[in-house]
Amino acid sequence: MSAASTHPVEVPLPGGRVLHAHDTGGPGPVVLWHGGTPNTGEPPAPLLEPGVRWIGVDRPGYADSPRRPGRNVASVVGDVVAVLDHLGVERCVSVGHSGGGSHALACAALLPGRVTAALSVSGLAPYDGTPGWFEGLGPAGRASLGAAVAGRAAKEEFQAAGSGGIDFTPEDWALLEGPWGWFGTVVQAATTNGDGGLVDDDLAHVRPWGFDPAGTTVPVHLLHGEADRVVPVGHAHRLAALVPGSTLRVVPGASHLSVLTEAPDALAAVLAHLA
């Protein structure tokens with residue numbers, strides 16, 4: 001089947017802020033997509049197919065979306081509600097990858113009448129201030145998130161120094177040679193105006209999220225690669241212990257991106273909660 005196409009949506013808010021969103025349109029169950037860090041909200045092309053409608057929102061600081069310094073993870077909910085209202089969507093499932101996983105969980109926890117289930121793939125757990133939260137992180141992630149823990153000034157300085165890098169495995173790099181090379185387009189678009197969105201995402205992840213995942217009442221599915229070095233699998237185990245009734249699948253040998261080859265089955269399980 002050919003993939004659905006995505007078109008842009010702009011939603012004006014009081015005060016002059018404009019939400020930039022993406023929508024494949026058409027009938028069918030709705031997936032609310034939360035891109036990673038740094039990604040736009042453009043839905044993932046390798047997962048699109050007819051019969052499922054995908055909607056995504058650019059978080060503040062990405063692409064042309066103005067920054068909102070001090071935002072927390074739960075801040076995404078107000079933007080999501082505005083977009084869903086604008087598009088006339090009453091019910092959906094919430095799906096996110098990597099830095100988007102926490103935002104998918106926020107929508108599930110805070111919009112239980114509207115979001116019927118959530119899927120977090122390779123997602124972070126809330127920061128608890130202990131060394132264990134960093135266990136298994138590769139050197140690039142440890143340095144980047146460590147700078148975020150030190151505060152905004154340290155994180156801004158870290159990014160300005162070009163102290164980036166990423167802890168992909170060879171399997172992750174290989175995945176980018178195929179259809180999931182799509183990531184390159186959304187990362188480039190997200191950072192066209194700088195690293196502001198990335199900085200604010202990382203700061204949000206190591207501060208209180210603005211909601212309690214333990215209060216989630218809708219089904220939550222977690223998918224994680226056992227060999228992930230960007231977000232270690234320990235984060236998935238932490239989330240599974242935190243979110244009541246959550247379902248965790250750990251894929252042996254899979255890593256941060258390569259686990260996405262298992263995403264279609266996980267997505268089908270989550271969409272079943274819209275039936």
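**Exercise 1. Find the largest nonpolar core and state which residues have the most contacts inside it.**

Solution. The largest nonpolar core holds 40 residues, and Val31, Trp54 and Val93 have the most contacts inside it. A nonpolar core is a set of buried Ala, Val, Leu, Ile, Met, Phe, Trp, Tyr and Cys residues joined through side-chain atoms within 4.5 Å; buried means under 20% relative accessible area with a 1.4 Å probe, protein chains only.

The model is predicted: local features need pLDDT of at least 70, side-chain atom pairs count only at pLDDT 80 or more, and totals for chains, interfaces and linings use all residues. Residues are numbered from 1 along each chain as its sequence is written, and side-chain values use heavy atoms, with hydrogens and water left out.

**Exercise 2. List the elements that give two or more residues to the largest nonpolar core, and the contacts of Val31.**

Solution. Step 1: for the core of 40 residues, the elements are strands E3 (30-34), E5 (92-97) and E6 (115-121), together with helices H3, H6, H7 and H9 (263-271). Helices (H or I, at least four residues) and strands (E, at least two) are DSSP runs, numbered from the N terminus.

Step 2: H9 supplies the largest share of this core, five residues.

Step 3: leaving aside neighbours within four places in sequence, Val31 is in contact (heavy atoms within 4.5 Å) with Val52, Arg53, Trp54, Ile55, Val93, Val95, Leu267 and Leu271.

Step 4: a second, separate core has 36 residues, including Cys107, Ala109, Val218 and Val220.

**Exercise 3. Describe the largest pocket and its lining.**

Solution. Step 1: the largest pocket contains about 710 Å³ of space. On a 1 Å grid over the protein atoms alone, a pocket is an open set of points with protein on both sides within 12 Å along at least five of seven lines, a cavity is a set where a 1.4 Å probe fits but cannot get out, and lining residues have an atom within 4 Å of a point.

Step 2: the pocket is lined by 33 residues, and Thr37, Pro38, Gly165, Ile166 and Val230 are the closest to its centre.

Step 3: H3 (139-150), H4 (152-160), H6 (182-190) and H7 (196-205) each give two or more residues to the lining; H3 gives the most, with four.

**Exercise 4. Which residues line the second largest cavity?**

Solution. Step 1: this cavity has about 30 Å³ of space.

Step 2: its lining is Trp33, Leu47, Val95, Leu119, Val121, Leu260 and Ala263.

Technical notes: Grid points are joined across faces, edges and corners, and a volume is the space filled by probe spheres set on the points. Buried means under 20% relative accessible area, exposed over 50%, partly exposed in between (1.4 Å probe, protein chains only).
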